[in-house]
Amino acid sequence: MEIFEKHIKPKSGLFELNLTELWEYRDLIYMYVKRDFVTFYKQTILGPLWFVIQPILTTIMFMFVFGNLAGLSTDGIPQPLFYFSGIILWNYFSDCLTRNSKIFIENQAVFGKVYFPRLVVPISITISNLVRFLIQFIIFTIVYFYYFFSSGSLICPNIYATLLPLLVILTAGLSLGFGIIFSSLTTKYRDLNFLLQFGIQLWMYVTPIIYPLNSIPANKQWMIALNPMTSVVETFKYAVIGQGVFSWIYLLYSFVFMIILLLTGIVIFNKVEKGFMDTV
Amino acid sequence: MTNVAIKIENVSKQYRLGVVSTGTLSHDLKRWWATSVMGKEDPYLKIGEANDRATKGTSEYVWALKDINLEIEKGDIVGIIGKNGAGKSTLLKLLSRVTKPTTGSIKYNGRIASLLEVGTGFHPEMTGRENIFMNGAIMGMSRAEISDKLDMIIDFAGIERYIDTPVKRYSSGMTVRLGFSIAAHLEPDILVVDEVLAVGDAEFQKKAIGKMQDVSKGGGRTVLFVSHNMAAVKSLCKTGILLANGSVDKIDNVENIISLYYGKSKAISSNLNDRSDRTGAGNFRYTSIFMYDKYDKSIVEIISGEYVKFVIDYRNKIEDIDPAKFIWGILIKDFYEHVIIGYSSIDTGLKLLQISDEGQIIIEIPKMLLRGGKYYVRLFASYKDSTPENFEDVIDNAFTFDVLQGDYWNTGVINRAANEAIVEFNIYSK
């Protein structure tokens, strides 16, 4: 009787997440992340500076439009700090989500020729965007300390700043989860791609990026908090600046949301990755 | 210890034809209703037709592969051949896990590396060196492994000078060289190769085939090779698998399989009137071709070195034809489509002296010095010049004949050593 260790069959189990295999391909994750950075600033003059130019310009634009023209409140936080903190978190979320949602369509050429655990791609996208986020976060810290020393009274960081890593994990997990679900479904139904394209723009407006959650009447705040990104952004502002809404319930909600989302995402992704070449 | 490297059991693959998006949702819902709610079989698996490309089917589902059962031995080099659409690429796709089978299973040990394309994942902006790491990682190599073999890879590809230049500046040949070189250093247990050697120059193709043979001989690794290049299949593979319409037609040693394949794909008759596989304006047409031996007996088989006469009938409708402007040609090709002998009025300067409305062209070959094998005759005729718009008649496989290895030197020994050709010679000793 022959013994075979590998088996290709039509269907696989619901949670057949082969982590050992994923670990074997860790060098590929590294190469994908590296490729993102190597190719990003080839043939550019400003190079890696582009990572920070974009959020800075967006902050300036938000200050002008929402802060000055529309006169939206920033909860007493200096405008640059308020917008910049929201923008870098939101950018991480939306860039990651957008890129993850196109995995299958953009990588057809490679996926059609070689097998490797497809989860390598969304993971590497999430990591590579994380590195960008960290670079932007450094700029944020510089702005932050400027305001901290010039108008120290307003800015009171607190113990909740220790939650920062959790907030990053939440953002990464949510964008990864939503991304792989969207990318799995768009292989067959391209409509979702259009939905996501403008959906993600609208999504920003139900996240407290350009307004503080406080400016919403207290009895309606829960509606905005249904958005799992709300607590992430609010907690971030509350932890480092001391202004905003902090609620363990909202945070727990986001966390549970992320776990369920990731599990669902992996199930759908696993199901799609094996046969998507026939439908894409 | 088992000797089977890959075991394929009842593997089938169904594809849906037409535009995939139309009606996808309704089919999905019906499928879901039947399998998940009612607990029945998938309704769409029962339908489906054999994959015959040319005939219009009634079902929009076809079986690209149907009930494939194969056992491939360890260390074997297997050539998979078949017409376009026979299911070769689908089989390779299943083996390389790019897509899943509809039914059945494939079992194997070790690592399968698939080379359905070379340079998968190459990024044009990255240098050759960076791409070696990228592509190697995609193929499943670790960074340490790649670093170890980096020099060998660059050396094998022969592009050292360009290694730190972005790949977008490479010629297509150089890209293939680099891509193949990486794949050749993979050291998988099972190597799956599609027709990737088509690009790249002859020297490199030879090197690549040699490398693949090393892979199988050296480490007892198994190679599966799909190609239309019969010369490559024959020189590389031991076993052949002939696929037809999604099923395994025959498994045998590679030479028998290639003969079978050629026998199938080329229907030969010496009457050329009814042949539809011809091109040209048709004002001048060849109507039949026969081969005769020295006793004027019609034959289809000769012994190497014998007298042969081709008699070709024609019909001409070109008015006031000027024989000086008429171009005739006869090519003899071997098994692998290599032209071995070419006679034509262009090369030889020998024009026909007269052309009537119906007539014959007779070509005598006193000694047909061909080695043993199957040969094909191509006929062509054109008027005024040999540009395609002036072609009158071109028939690719007008005639087939076999050459048997003979005792050309009259020594009582069949010329086993006769290789590409037999050439008359004198020998002296001092």
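This tour walks through three helix pairs in chain A and then the contact between chains A and B. Keep in mind that the model you have open is predicted.

**Stop 1: H2(A) and H7(A)**

Start by selecting residues 26-40 of chain A, which form helix H2, and add residues 120-150 of chain A, helix H7. The axes of H2(A) and H7(A) come within 8 Å and cross at roughly 50°. That angle makes H2(A) oblique to H7(A). Turn the view until one helix lies over the other, and you are looking at a right-handed crossing of H2(A) and H7(A).

Now show side chains. From H2(A), the contact draws on A:Leu28, A:Ile29, A:Tyr32, A:Val33, A:Asp36, A:Phe37 and A:Phe40. H7(A) answers with A:Val120, A:Val121, A:Ile123, A:Ser124, A:Ile127, A:Ser128, A:Val131 and A:Arg132. Colour this contact by residue class and you get 11 nonpolar, 2 polar and 2 charged residues.

**Stop 2: H7(A) and H8(A)**

Leave H7(A) on screen and bring in helix H8, residues 164-186 of chain A. Here the axes come within 11 Å and cross at roughly 140°. H7(A) and H8(A) are therefore oblique to each other, and their crossing is right-handed.

On the H7(A) side, pick out A:Pro122, A:Ile123, A:Thr126, A:Leu130, A:Phe133 and A:Phe137. Their partners in H8(A) are A:Leu164, A:Val168, A:Ala172, A:Leu176 and A:Ile180. How many residues of this contact are charged? The split for H7(A) with H8(A) is 10 nonpolar, 1 polar and no charged. While you are here, click on A:Ile123: this residue takes part in the contact with H8(A) and also in the contact with H2(A).

**Stop 3: H4(A) and H11(A)**

Clear the view and select residues 79-100 (H4) and 228-241 (H11) of chain A. Their axes come within 10 Å and cross at roughly 140°. That makes H4(A) oblique to H11(A), with a right-handed crossing.

Which residues meet here? H4(A) supplies A:Leu81, A:Phe82, A:Ser85, A:Gly86, A:Leu89, A:Trp90 and A:Phe93. From H11(A) come A:Met229, A:Val232, A:Val233, A:Phe236, A:Lys237 and A:Ile241. By class, the contact of H4(A) with H11(A) holds 10 nonpolar, 2 polar and 1 charged.

**Stop 4: chain A against chain B**

Zoom out and colour by chain. The contact takes 37 residues from chain A and 48 residues from chain B. About 3900 Å² is buried between chain A and chain B, and carbon and sulfur atoms give 59% of that area. To see where chain A loses the most area to chain B, select A:Phe4, A:Ile8 and A:Lys113, which together account for 19% of what that side buries.

Finish with the charged pairs: there are 2 salt bridges between chain A and chain B. For a last close-up, centre on B:Arg97 and A:Glu21, a salt bridge whose closest N and O atoms are 3.5 Å apart.

Note on methods: Residues numbered from 1 in each chain as written. Chains lettered and ligands numbered in written order. Predicted model: local features only at pLDDT ≥ 70, side-chain atom pairs only at ≥ 80, totals over all residues. Heavy atoms only, no water. Axes fitted to C-alpha atoms, helices over the stretch in contact; angles between N-to-C directions. Helix = DSSP H or I, 4+ residues; strand = E, 2+ residues; numbered from the N terminus. Parallel < 35°, antiparallel > 145°, perpendicular 65-115°, else oblique. Left-handed = near helix turned anticlockwise from the far one by under 90°. Contact = heavy atoms within 4.5 Å. Nonpolar A, V, L, I, M, F, W, Y, C, P; charged D, E, K, R; others polar. Buried area = accessible area lost by both parts, 1.4 Å probe. Salt bridge = Lys/Arg side-chain N within 4 Å of Asp/Glu carboxyl O.
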